[in-house]
Amino acid sequence: MSEERLRIAIQKSGRLSDGCMELLKNCGLKISRGKDKLYGRVQEMPIDVLLLRDDDIAEFVADDACDIGIVGQNVFEEDLITQPREAPAEEVMTLGFARCRLMLAAPKDWAFNGAGMLEGKRIATSYPGLTKKWLEREGVSARVVMMKGSVEVAPRLTIADAICDIVSTGATLDANGLKPVATVFESEAVLIRNANPFSAARQAVFDALLKRIRGVMTSRDAKYVMMNAPRSAVPAITERLPGADAPTVLDLAGAPDKVAVHAVCRESVFWDTLEDLKALGASAILVLPIEKMMA
Ligand code: ATP
Ligand code: ZN
């Protein structure tokens, strides 16, 4: 592969892949996949994409087989704890998707009253590193049993007393007679990079991509808000707009006491915001999506 192309590792298929594809698409990148579907090329920027199992991404990035990658923080942190490397990959930024929780779950009939209850117990998990770290923090000594999959059946099979696993709806736990009792780790997708400096050409591509990713992240919740309002209400309205810089205030023809207020709100605009604006005298309030934004 050429020195100029930036190599990014993403999950081939699974719970991270839609979010990754959407992020790259919103950055203006289209991936054309090769026949083997393990390798893709971006036309718009000098970027090569490797499609991997999520478990391999941290290693590929640390070993310089890829420059950057997108992976769940849970998998990345677990890798950092359990696979000591000379130069581990580094987290660049969180990406706000694939949010999930690593939770401790215990049999429903346990009257769980804190981590102390786990003293001397056996806990099954696919995340021994994160689980042990949490137990240490809680000052509890328990045995951690590594299981690659189907962790939730461990208590029924009496392999373990409790489990530590990724929980989304809790339905799987419920079906196995378990209930979530404590959050061990909160995760979302993260962008990671190789720890060594990139060549100048790759650094330039990385900087450009990062700028686009930041733009996508800030415009994700951002809205363009427009309204008419009494001139005297502008300070109170400005204060009520979530995450807005100074708004643009424009005269309205034939209405000297009224103005049009335009603002970019960087945080979610909810119905109660609109109701408050209305109560401050605003009318004809419009909330528009923002497609792209660059600071
Ligand atoms: P692979 O085949 O690549 O090894 P996998 O089966 O190990 O995939 P997935 O189930 O696709 O992994 O999950 C990938 C990542 O998505 C998880 O490590 C976690 O960061 C995140 N994730 C897991 N469950 C959820 C969920 N319910 N909602 C959102 N994100 C999740
Ligand atoms: Zn995996």
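How many salt bridges does the count come to? In this predicted model, the count comes to 15 salt bridges, taking as the criterion a side-chain nitrogen of Lys or Arg within 4 Å of a carboxyl oxygen of Asp or Glu. Side chains of opposite charge can pair when their charged atoms come close. Three of these pairs are described below, followed by the surroundings of the ligand.

One salt bridge joins the side chains of R202 and D67, with an N to O distance of 3.2 Å. R202 belongs to helix α6 (residues 200-220), whereas D67 is found in the loop between α2 (54-62) and β5 (68-72); the pair therefore ties together parts that are 135 residues apart in sequence. Both partners, R202 and D67, are buried. This pair also belongs to a wider arrangement, since a network of salt bridges links R7, D64, D67 and R202.

A salt bridge is likewise formed between R99 and E188, whose closest N and O atoms are 3.3 Å apart. Distant parts of the chain are linked by this pair: R99 is located in the loop between β6 (90-94) and β7 (100-107), and E188 in the loop between β11 (178-187) and β12 (189-193), with their positions 89 residues apart in the sequence. The two partners fall into separate accessibility classes. R99 has a relative accessible area of 61% and is exposed because this value is over 50%. E188, in contrast, has a relative accessibility of 14% and counts as buried, because the value is under 20%.

The side chains of D251 and R231 meet in a further salt bridge, for which the N to O distance is 2.8 Å. D251 is part of strand β14 (residues 248-251), and R231 is situated in the loop between β13 (223-230) and α7 (234-240), so that parts lying 20 residues apart in sequence are tied together by the pair. With a relative accessible area of 61%, D251 is exposed. R231, at 41% relative accessibility, counts as partly exposed, because this value lies between the limits of 20% and 50%.

Attention then turns to the ligand. The space taken by ligand 1 is the largest pocket. Among the elements of secondary structure, α2 and α3 (73-82) are those that give two or more residues to the shell around ligand 1. In total, ligand 1 is surrounded by 15 residues, of which Q11, R15, R53, D55 and N74 are the closest.

Polar atoms of several of these residues lie close to oxygen atoms of the ligand, as the following distances show. For Q11, a polar side-chain atom is placed 2.8 Å from an oxygen atom of ligand 1. For R15, the atom concerned is a polar backbone atom, at 2.7 Å from an oxygen atom of ligand 1. For D55, a polar side-chain atom is located 2.7 Å from an oxygen atom of ligand 1. Ligand 1 exposes 640 Å² when taken alone, and 76% of that area is buried by the protein.

Q11 also makes contacts within the protein. This residue is part of strand β1 (residues 6-11). Its relative accessibility is 9%, and Q11 counts as buried because this value is under 20%. The side chain of Q11 reaches the backbone nitrogen of L16 at 2.8 Å and the backbone oxygen of S13 at 3.4 Å. The side chain of Q11 thus has polar partners both in ligand 1 and in the backbone of S13 and L16.

Conventions
Residues numbered from 1 in each chain as written. Chains lettered and ligands numbered in written order. Predicted model: local features only at pLDDT ≥ 70, side-chain atom pairs only at ≥ 80, totals over all residues. Heavy atoms only, no water. Helix = DSSP H or I, 4+ residues; strand = E, 2+ residues; numbered from the N terminus. Buried < 20%, exposed > 50% of the residue type's maximum accessible area, 1.4 Å probe, protein only. Near = heavy atom within 4 Å. Polar contact = N/O pair within 3.5 Å; in protein donor to acceptor, adjacent residues only side chain to side chain. Areas by Shrake-Rupley, 256 points an atom, 1.4 Å probe, with all protein chains shown as cover. 1 Å grid on protein atoms, 1.4 Å probe; cavity = no way out; pocket = protein on both sides within 12 Å on 5 of 7 lines; lining within 4 Å. Sits in = over half its atoms within 2 Å of the grid points.
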